[in-house]
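I open this notebook page to record what I looked up in the model, taking sheet, cavities and cysteines in turn.

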Amino acid sequence: MTAVKRQIASTAAEIAVLNPYDGSLVEIVSASGPNDIDALLARTRHGAALSRALPRHRRAAILEKAARLVEEQCEAFARTIVSEAGKTIVQARKETLRCINTLKLSAEEAKRNAGEIVPFDAFAGSETRQGWFTREPLGVIAAITPYNDPLNLVAHKLGPAIAGGNSILLKPSELAPLSALKLVETLVAAGLPETIVTVAIGGADLGHAIVSARDIRMVSFTGGFVTGEAIARSAGLKKLAMDLGGNAPVIVMADCDIAKAATGCISGAYWAAGQNCIGVQRILVQADCYERFRQTFVAGTAKLLAGDPSREETDVGPMISPTAAERAETAVEQAIGAGARLLCGHQRDGALYSPTVLEGVGRQSRLWREEIFAPVVMLERFETLADAIFMANEPDYSLHAGMFTSNLANALEAAAGIEAGGVMINDSSDYRFDAMPFGGFKHGSMGREGVRFAYEDMTQPKVVCINRA
Ligand code: NAD
């Protein structure tokens, strides 16, 4: 056990990071509190001046080198994710590979997206003017991240912010801050001046102090809807980027390959024990293939091995805590009490909650309308695609949706009708490539991540105009 000392912590408080699988102590980190905010901001302001002055080739070289270093330590990063967040080792390795890609994409962005020529002569009377706009840093950006992808979601904030010449005050989830600390150490080892990223670990009170500080020019937040609203209330005049929750639907048409659809939905529903903002929550199945799909999906779900996430053969690891698993268990019990039928799962052992499938869940219920963020899936029958699109759109939250069909017209109708930031055809909702614009419709988010889009959000245009007349 080593105490991590990278962050400023004048209050000398400590946070114990626990392994979600067995509750064992993984590491103790020193925590920051609201009283530390002045020191944190002073350090981050210093970092902002250094970052702005770094030429683009240096920003790119640091990000490229950091990507190489993460690659060299891929297994150690993956093991850290397993021990603090409970993802299976197979899933944690994939998250690490995605983080490497996010850093590489950020390095490319630093070199290519510097601004544009402005066509002043397109407006009569401006013919004598020439000029351009550059992409300038915002200054200090606060990055606040959740526990469920503790490495790659942090990379999605640090990479574009560094590429854009900003400094960052990073508050990772206090439940899983170790991957973030390791990533920041790697960036420093790759040549990043230390004050460009400041890590502060703590809970909501620290988050509130950071968000409401005047020096922060932008808050880039990933987390739950309720927290997002609290941040919006306390932020004041600053830019907000909000990546919030989902409640993803997948539409299964009778004309699709049922085996492929079931396999895709199983992976998408139980990845990270369902603690996944684009995880499959509601599967809408056309009546003609409902029985066949249900049988294949439930049989495949029942075969999944839930248990120790550090073992190669484990399919589903624990949830982040016994409390989170208990919350899921209670929600399912309430749904069953209200008439839903349990098709498999619903067994809890501490933080382990077995993959659970329900049907007949009321469409006015919380389970149908809100994010469950657990390995719980609902099946619902539909007759026409129009009905399915209507049901898909019922919740107020919407990030991604999926659809399985072999009919192009169906695919295009769903793509047009579903209100979501991404519609994945012949994939579950759980597909994401780190370069694409990522975010939601309705209350699912505000702004887009995906390296280019976050970089553009984290920079501001400055116009230079020369009048030669
Ligand atoms: P959370 O909202 O509880 O916490 C997220 C972060 O916000 C943590 O670092 C937490 O300490 C901090 N925080 C809490 N209260 C705060 C406050 N008042 N001011 C400032 N910061 C505060 O979320 P979680 O439980 O860690 O993560 C799960 C949620 O994240 C789910 O809703 C999930 O859908 C969402 N999520 C979204 C995306 C996306 O890209 N859209 C990705 C992953 C997770």
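I take two strands as paired if DSSP finds at least two bridges between them, and I take strands (E, at least two residues) and helices (H or I, at least four residues) as DSSP runs, numbered from the N terminus. The model is predicted, so I note that local features need pLDDT of at least 70 and side-chain atom pairs count only at pLDDT 80 or more, while totals for chains, interfaces and linings use all residues. Residues are numbered from 1 along each chain as its sequence is written, and side-chain values use heavy atoms, with hydrogens and water left out.

Entry one, the sheet. I looked up the pairing of strand E5 (residues 129-137) and found that 9 bridges join it to E23, the two running antiparallel. Within this pairing, I traced tryptophan 132 to its bridge partner in E23, valine 464. I then found that 3 strands form an open sheet in the order E4-E5-E23, with antiparallel pairing. Strand E4 (115-117) and strand E23 (459-467) stand at the edges with a single partner strand each, so one side of each is left without a neighbour in the sheet.

Entry two, the cavities. I searched for cavities, meaning sets of points on a 1 Å grid over the protein atoms alone where a 1.4 Å probe fits but cannot get out, with lining residues having an atom within 4 Å of a point. Grid points are joined across faces, edges and corners, and a volume is the space filled by probe spheres set on the points. The search of the whole structure gave 2 cavities of 30 Å³ or more, and the largest has a volume of about 80 Å³. Of the 15 residues that line the largest cavity, those closest to its centre are Gly274, Asn276, Gly279, Gln281 and Phe373.

The second largest cavity has a volume of about 30 Å³, and I listed its lining as Met218, Ser220, Ala241, Arg448, Glu449, Ala454, Asp457 and Met458. The elements that give two or more residues to this lining are strand E9 (216-222) and helix H15 (451-457).

Entry three, the cysteines. I found 0 disulfides in the structure, a disulfide being a pair of cysteine sulfur atoms within 2.5 Å. Cysteine 74 is in no disulfide, and the nearest cysteine sulfur, that of cysteine 99, is 9.3 Å away. I noted that cysteine 74 counts as buried at 16% relative accessibility, and that cysteine 99 counts as buried at 0%, where buried means under 20% relative accessible area with a 1.4 Å probe and protein chains only.

Technical notes
On a 1 Å grid over the protein atoms alone, a cavity is a set of points where a 1.4 Å probe fits but cannot get out, and a pocket is an open set with protein on both sides within 12 Å along at least five of seven lines; lining residues have an atom within 4 Å of a point. Buried means under 20% relative accessible area, exposed over 50%, partly exposed in between (1.4 Å probe, protein chains only).
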